[in-house]
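User: I would like to learn how to read a structural model feature by feature, starting with the general idea each time and then turning to the case at hand. Could we go through one together?

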Amino acid sequence: MKEISQNTIESVDINGFQDDLLRWFEAEQRDLPWRKDKDPYKVWVSEIMLQQTRVDTVIPYFHRFIEQFPTIKDLSEADEEKVLKAWEGLGYYSRARNLQAAVREVHEKYGGRVPDTPKEISSLKGVGPYTAGAILSIAYGIPEPAVDGNVMRVLSRILSIWDDIAKPSSRKIFESSVRKLISHENPSYFNQALMELGALICTPTSPSCLLCPVREHCTAFYEGTQHELPVKTKTKKQRNVQLAAAVLIDDHERILIHKRPGKGLLANLWEFPMAEINIAYVSDKDQMKDVFSTQFGAKVEIQEMTGQIEHVFSHLTWNINVYKGKIIKLEKEKSDLKLVSLEEIKEFPFPVSHQKIWKQYLDSRG
C-alpha cells in the first residue's frame with residue numbers, strides 16, 4: 001500500500017501550484033449565488049445544501065431559502081415546518097433541522113454573528129470539519145482546510161495518496177496536506193478552487209487531465225495512475241423495503257396525511273398513510289387496512305393501484321406500491337394526523353417519494 005511521504009509533498013512546487021490553481025479559478029470559476037459576497041451565513045447555508053447534492057439542484061433552493069430567511073435572526077425565529085417546506089425535495093432533512101438549531105445558538109449565544117474560530121464554529125450542531133473549514137476560509141479568510149470528497153480525489157491524484165478515502169482516519173492525511181499547500185494570502189479562493197477543480201476537471205471517472213491547470217504538479221498524471229485513484233472501498237449493500245401507500249379521501253374531498261416521528265428517517269415530514277408489506281402473506285390491501293386501522297384509527301376502502309415508486313436512500317431502497325382509497329370512518333384527527341384540502345396540502349413539507357405519490361394521484365384523476 002502506497003502512502004503519502006514527506007518527500008512527496010516536499011517535492012511539490014507549492015508556490016507554483018498555488019499560482020496555477022488560483023489563476024485558473026479566477027478565470028474559470030462558475031457564477032454561483034453564494035459567491036456574490038462573503039456573508040458567513042450564506043456560505044454556511046450553501047455548504048449545508050451542497051452536502052450530497054449537485055450544484056445545479058441547489059441554486060434555486062438557495063435563492064428561495066435566502067429570500068425566505070435572509071438573516072440568521074429570520075431563520076432562528078422561523079417555524080420548523082416552514083423551514084422543512086423550503087427544504088422540500090433536497091433530501092437529507094436532518095441537515096435543515098441541524099442548521100436551524102445551530103443558527104438559533106448563533107443568534108442566542110453569539111449575538112447573530114457566525115463564530116470565526118475553529119473551536120467555536122465546530123461546536124455548532126451539524127458543523128463538521130469540512131463545513132467549519134469552508135466557512136472559516138471562504139467567509140473569514142482563515143487558512144483552515146476544507147476537505148470533502150472532491151478535495152480528497154484531487155489531492156490523492158496530485159500527491160499520489162493511496163489511503164482509502166472511505167475511512168474516516170484518512171481525512172487527517174488530506175487535512176495535513178492542505179495545511180501545507182494552502183495559500184495564506186487567499187485561502188478563500190484556494191479552497192474553492194480545489195473544490196471547483198474536483199467538480200469540473202478532476203472528476204471521478206474521466207478526469208480531463210489535458211485541461212487541468214495543475215497537471216504539471218500531479219504525480220498521478222505523470223505515473224498514469226489517475227484512473228486508479230482515489231482508493232475507495234465500496235459501501236455495504238442497500239436494504240430493500242417493500243411498502244404500500246394510499247391517497248385516502250373523505251366525503252368532503254379532504255386527504256388524510258400523517259406526520260412522521262420527530263427522530264429518525266425523514267423526521268417531522270408529512271406523508272400519505274403507508275405500511276411495510278410482507279409479500280409472503282395477505283394482499284397489500286388487506287395489510288394496509290389492518291395497519292391504518294391500528295395505527296391511525298381509520299376504517300378505509302382501498303381502491304385501484306395508481307403506480308409504483310422506487311426511492312433510493314444512502315442505506316436502503318423503498319419500493320412503494322401506490323393506491324387510491326376512501327375513508328369510511330376516522331376516529332379523530334391529531335397533531336400528527338390531519339385531513340386537509342387540496343389547497344391546504346400545499347403548505348405541508350413532504351419527502352420526494354410522497355411528492356411523487358401525490359403527482360401520480362393527480363395525474364390519475366385526469
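User: Which helices are included in what covers the buried residues of H2?

Analyst: A word of caution belongs at the start, namely that this is a predicted model. The cover over the buried residues of H2 includes helix H10 (149–158), helix H11 (171–181) and helix H12 (187–200). The residues of H2 that lie beneath such cover are Gly16, Phe17, Gln18, Leu21, Leu22, Trp24 and Phe25.

User: How should I read the spacing of buried positions along a helix, and what is the length of H2 in residues and in Å?

Analyst: The general idea is that an α-helix has 3.6 residues a turn, so residues three or four places apart point the same way. As for the case here, H2 runs over residues 14–28, has 15 residues and reaches 21 Å from its first C-alpha to its last, which is close to the 21 Å expected at 1.5 Å a residue. Its buried set includes Gln18, Leu21, Leu22 and Phe25, and you can set that list against the general rule as you look along the helix.

User: Why can H12 be called largely enclosed by the rest of the structure?

Analyst: The reading rests on counting buried residues, where buried means under 20% relative accessible area. In H12, 11 of the 14 residues are buried, so the helix is largely enclosed by the rest of the structure. Those buried residues include Pro187, Ser188, Phe190, Asn191 and Gln192, and the list continues through to Gly198. Among the elements that cover them are H2, helix H3 (40–50), helix H9 (129–140), H10 and H11. The span of H12 agrees with expectation as well, because its 14 residues should span 20 Å at 1.5 Å a residue and its end C-alpha atoms are 20 Å apart.

User: Where does Ser183 lie, and is it buried or exposed?

Analyst: For a loop residue it helps to ask about its place, its accessibility and its partners in turn. Ser183 lies in the loop between H11 and H12, and with a relative accessible area of 2% it is buried. Its side chain reaches the backbone nitrogen of Glu185 at 3.3 Å, while the backbone nitrogen of Asn186 lies 2.9 Å from a polar atom of that side chain. Leaving out residues up to four places away in sequence, Ser183 touches Gln18, Leu22 and Phe190. Gln18 and Leu22 are among the buried residues of H2, and Phe190 is one of the buried residues of H12.

User: What can the same approach tell me about Asp250?

Analyst: Asp250 lies in the loop between strand E1 (239–249) and strand E2 (255–259), and at 11% relative accessibility it counts as buried. A polar atom of its side chain lies 2.9 Å from the backbone nitrogen of His252. Apart from neighbours within four places in sequence, Asp250 is in contact with Ile327 and Leu339.

User: How is the chain divided into domains, and how does one express the size of the interface between parts?

Analyst: The size of an interface is often given as the accessible area lost when the parts come together. Here the chain is divided into domain 1 (8–223) and domain 2 (239–365), and the contact takes 9 residues from domain 1 and 16 residues from domain 2. The two domains bury about 940 Å² between them, with 51% of it on carbon and sulfur atoms. Glu81, Lys85 and Tyr93 supply 49% of the area that domain 1 buries against domain 2, more than any other three residues. The C-alpha centres of domain 1 and domain 2 lie 37 Å apart.

User: Which side chains meet in a salt bridge, and how many residue pairs are in polar contact across the interface?

Analyst: Between domain 1 and domain 2 the count is 1 salt bridge, and the side chains of Lys259 and Glu81 meet in a salt bridge at 3.6 Å, N to O. Across the interface the rule finds 6 residue pairs in polar contact. Helix H6 (residues 80–87) gives the largest share of the side of domain 1 that touches domain 2, with 4 residues.

How values were computed:
Residues numbered from 1 in each chain as written. Predicted model: local features only at pLDDT ≥ 70, side-chain atom pairs only at ≥ 80, totals over all residues. Heavy atoms only, no water. Helix = DSSP H or I, 4+ residues; strand = E, 2+ residues; numbered from the N terminus. Expected span 1.5 Å × (residues − 1). Buried < 20%, exposed > 50% of the residue type's maximum accessible area, 1.4 Å probe, protein only. Contact = heavy atoms within 4.5 Å. Domains from an automatic or database assignment. Buried area = accessible area lost by both parts, 1.4 Å probe. Salt bridge = Lys/Arg side-chain N within 4 Å of Asp/Glu carboxyl O. Polar contact = N/O pair within 3.5 Å; in protein donor to acceptor, adjacent residues only side chain to side chain.
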